[in-house]
Amino acid sequence: MAVGKYYEAQRQYLREIKPNVVFSTRKIATRTKLAEEQDWICSICGNPMAHDDVSLDHIRPLCQGGDAFDERNLQVVHPICNANKGGSWDGKRGYP
Ligand SMILES: [Zn+2]
């Protein structure tokens, strides 16, 4: 998988906010790649995201049967938008 331009910044940011969690290269690369594809626009509220204010979201939540790893079920959003969304789902987008 191609590592995005902001990969290193994302890795450092995650290390700072969650020092006890080990994030896989794949997960950080996915966040960065999706953010770049979305032009750093939050999929939920449509506003720009700072490079240190990005959260990986499952479009169809795992609790509703969404796929955990397939990129068709992933988007990047603000952490606060992700928290507000919780386990809700519009029933349309996502995978499967
Ligand atoms: Zn947002």
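A: Before we start, a helix here is a DSSP run of H or I with at least four residues, a strand is a run of E with at least two, and both are numbered from the N terminus. Keep in mind as well that this is a predicted model.

Q: How many helices and strands are in the chain, and in what order do the elements run?

A: The chain has three helices and two strands, and from the N terminus on the elements run α-α-β-β-α.

Q: How should I read the overall dimensions, and what radius of gyration does the chain have?

A: The radius of gyration is 13 Å, and because a compact globule with 96 residues would have one near 12 Å, the chain agrees with that expectation. Along the principal axes, the C-alpha atoms fill a box of roughly 35 × 25 × 25 Å, and 21% of the 96 residues count as buried.

Q: Which residues of H2 are buried, and what covers them?

A: A general idea helps first: an α-helix has 3.6 residues a turn, so residues three or four places apart point the same way. In this model, the buried residues of H2 are Ile 28, Arg 31, Thr 32, Lys 33 and Ala 35, and what covers them includes helix H1 (7–17), S1 and strand S2 (74–77). H2 itself has 13 residues and reaches 18 Å from its first C-alpha to its last, close to the 18 Å expected.

Q: Which residues form the largest nonpolar core?

A: That core has six residues, namely Ala 35, Cys 42, Met 49, Val 54, Val 76 and Val 77. If we set aside neighbours within four places in sequence, Val 76 is in contact with several residues, including Ala 35, Met 49 and Val 54.

Q: What is the sign of phi at Asp 39, the residue that follows H2?

A: Most residues other than glycine have a negative phi, and most peptide bonds are trans. Asp 39, however, has a positive phi of about 55° although it is not a glycine, and it lies in the loop between helix H2 (25–37) and strand S1 (55–58). Trp 40, in the loop between H2 and S1, also has a positive phi, about 60°. Asp 39 counts as exposed because it has 8 C-beta neighbours inside 10 Å, whereas Trp 40, with 16 such neighbours inside 10 Å, counts as partly exposed.

Q: Is the peptide bond that joins Tyr 95 and Pro 96 cis or trans?

A: The bond between Tyr 95 and Pro 96 is cis, with omega about 0°, and Pro 96 lies in the segment after helix H3 (79–85).

Notes
Residues are numbered from 1 along each chain as its sequence is written. This is a predicted model: local features need pLDDT of at least 70, side-chain atom pairs count only at pLDDT 80 or more; totals for chains, interfaces and linings use all residues. A nonpolar core is a set of buried Ala, Val, Leu, Ile, Met, Phe, Trp, Tyr and Cys residues joined through C-beta atoms within 7 Å. A residue is buried if 20 or more other C-beta atoms lie within 10 Å of its own, exposed if 12 or fewer, and partly exposed in between; C-beta atoms are placed from the backbone. Two residues are in contact if their C-beta atoms, placed from the backbone, lie within 7 Å. The expected span of a helix is 1.5 Å times one less than its number of residues. The radius of gyration is taken over C-alpha atoms; the globule rule is 2.2 Å times the number of residues to the power 0.38.
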